[in-house]
Amino acid sequence: MNLDEYRGVWIFIEQNEGKVEGVSLELLGEGRKLADKLEVPLGGFLLGSDVKSLANQVIAYGADEVYMVDHPVLKQYRTESYMQGVMLLVEKYKPEIILYGATPNGKDLASAVATDLVTGLTADTTMLDVDVEKRLLEASRPAFGGNIMATILCKKHRPQMATVRPKVMKALTPDASRLGKIIEESISLKEEDMRTKVLQIVNDVTKKANLADAHVIVCGGKGMGDVQNFQILYELADTIGATVGGTRDVVEAGWLPHELQIGQTGETVTPKIYFAVALSGAIQHVVGMKNSDLIIAINKDPNAPIFDVATYGIVGDAMEVVPKLIEQFKQLRNEKGGEISYA
């Protein structure tokens, strides 16, 4: 393989029913940094049916070029049809780096493409950088149970590929005045040739707390002692309009359901305010909340790692500190006429 033939950073622009997934916009922001370091264009590649109107949005969020395959067979995501589209683009234009969102579709597509291209893929990346001299993507992720960060390189194959979890990176502020190139490629696909058919799409209608979109989160750790003590976290959350979450230890203890777990193996969150209560700050938890705008940590151990990422730290027993916070917030809420604003 001649590695010098490969140039450019590409982002998979995942869309669902004509709406670009947030993680794709976040990756355009991170891809912009990598492309600038390597002095190459940033490309977004977009597959679907009637998706041409999305190209300008991709450019506004940082892409120099948009590679597009628009075909009715690509209306719903399927591994087979999407992989054919990606292979068409990659084999023709030869990007050196491709990033995908670590969504179910993104992970499925990335692994299928990596297999066919016989190249490497780093999954669930949380940090990205490049070695400019060697033109190597440095994809880092927690390893060995989250105790260390491993940086994974793909030295001998191209393109270098990684999936990145939603909410880990931040999107750029869109600039509608940006100009870019839109490159359309045609593809020969027939529905009757597809080995899978989409018979029905059933949306998830279950009611559950949405941590990913919460503006304020109160997260409890195993240091709360037992599940009964979580009641004061619910009271705090109810007082300030927050959503309650927990660490992996808390979920494994059965104190909270898995959908409320925050961290490497749970949800990644970016609220305006994050209360980290009685949790140590292990790497696998921090990667899931470190991009919160303001982090308030409460822990009786002054050396707890959570204080390294906290905006404000309170050293003390949560069972003593949290009730005092509730009292103060209730007083503030009454003064504000019954509600607290986070605008």
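**The enclosed cavity**

Start with the lining of the largest cavity in this predicted model: its residues split into five nonpolar, two polar and one charged. To see them, select Phe 12, Ile 13, Glu 14, Gln 15, Leu 47, Tyr 77, Tyr 82 and Asn 105. The space they line has a volume of about 50 Å³. How many cavities of 30 Å³ or more does the count come to? The count is one.

**The largest pocket**

Keep Glu 14 selected, as it is among the residues that line the cavity and is also one of those nearest the centre of the largest pocket. Now add Asn 16, Glu 21, Thr 103 and Pro 104, which also lie nearest that centre. The full lining of this pocket comes to 41 residues, and the space inside is about 1300 Å³.

Which elements should you colour here, if you want those that each supply at least two residues of the lining? Go for strand E2 (15-16), helix H1 (22-38) and helix H4 (104-117). If you colour the lining of the largest pocket by class, you'll get eleven nonpolar, 16 polar and 14 charged residues.

**The second largest pocket**

Next, select Gly 221, Lys 222, Ala 278, Leu 279 and Ser 280. Out of the 28 residues that line the second largest pocket, these lie nearest its centre. Helix H6 (248-252), helix H7 (283-286), strand E16 (294-299) and helix H9 (318-335) are the elements giving two or more residues to that lining. The volume of the second largest pocket is about 390 Å³, and its lining has eight nonpolar, 15 polar and five charged residues.

**The parallel sheet**

Strand E16 takes you straight into the next stop. Show the strands E14, E13, E15, E16 and E17: in that order they form an open sheet, with parallel pairing. Which strands sit at the edges? Look at strand E14 (243-246) and strand E17 (312-315), each of which pairs on one side only. Turn the view and you can follow the twist, which averages 20° from one strand to the next.

Now walk across the sheet, pair by pair:

- Select E13 (residues 216-220) with E14: four bridges pair them in the parallel sense. Val 218 has Val 244 of E14 as its bridge partner, and Ile 217 has Thr 243 of E14.
- Select E13 with E15: five bridges join these parallel strands. Here Val 218 stands opposite Phe 275 in E15.
- Select E15 with E16: five bridges join them, again running parallel. Tyr 274 has Ile 295 in E16 as its bridge partner.
- Select E16 with E17: four bridges join them, and they run parallel. Ile 296 is partnered by Tyr 312 in E17.

**Covered strands**

Zoom in on E13. Is this strand enclosed or open to the outside? Five of its five residues are buried, so E13 is largely enclosed by the rest of the structure. In a regular strand, side chains alternate between the two faces of the sheet. Try it with two colours: Val 216, Val 218 and Gly 220 go on one side of E13, and Ile 217 and Cys 219 go on the other. Both faces turn out to be covered.

Strand E16 is mostly covered too, with five of its six residues buried.

**Odd spots in the backbone**

Last stop: a few backbone details. Most residues other than glycine have a negative phi, and most peptide bonds are trans.

First, select Arg 158 and Pro 159. The peptide bond joining them is cis, with omega about -5°. You'll find Pro 159 in the loop between strand E10 (148-152) and strand E11 (160-164).

Next, jump to Asp 124 in strand E7 (residues 121-125). Its phi is near 55°, a positive value in a residue other than glycine. Is Asp 124 buried or exposed? Its relative accessible area is 19%, and buried means under 20%, so Asp 124 counts as buried.

Finish at Lys 167, in the loop between E11 and strand E12 (181-184). Lys 167 has a positive phi of about 75°, although it is not a glycine. Its relative accessibility is 22%, so Lys 167 counts as partly exposed.

Definitions and conventions. Residues are numbered from 1 along each chain as its sequence is written. This is a predicted model: local features need pLDDT of at least 70, side-chain atom pairs count only at pLDDT 80 or more; totals for chains, interfaces and linings use all residues. Side-chain values use heavy atoms; hydrogens and water are left out. On a 1 Å grid over the protein atoms alone, a cavity is a set of points where a 1.4 Å probe fits but cannot get out, and a pocket is an open set with protein on both sides within 12 Å along at least five of seven lines; lining residues have an atom within 4 Å of a point. Grid points are joined across faces, edges and corners, and a volume is the space filled by probe spheres set on the points. Ala, Val, Leu, Ile, Met, Phe, Trp, Tyr, Cys and Pro count as nonpolar, Asp, Glu, Lys and Arg as charged, and the others, Gly among them, as polar. Two strands pair if DSSP finds at least two bridges between them. Axes are lines fitted to C-alpha atoms, for helices over the stretch in contact, and angles run from 0 to 180 degrees between N-to-C directions. Buried means under 20% relative accessible area, exposed over 50%, partly exposed in between (1.4 Å probe, protein chains only).
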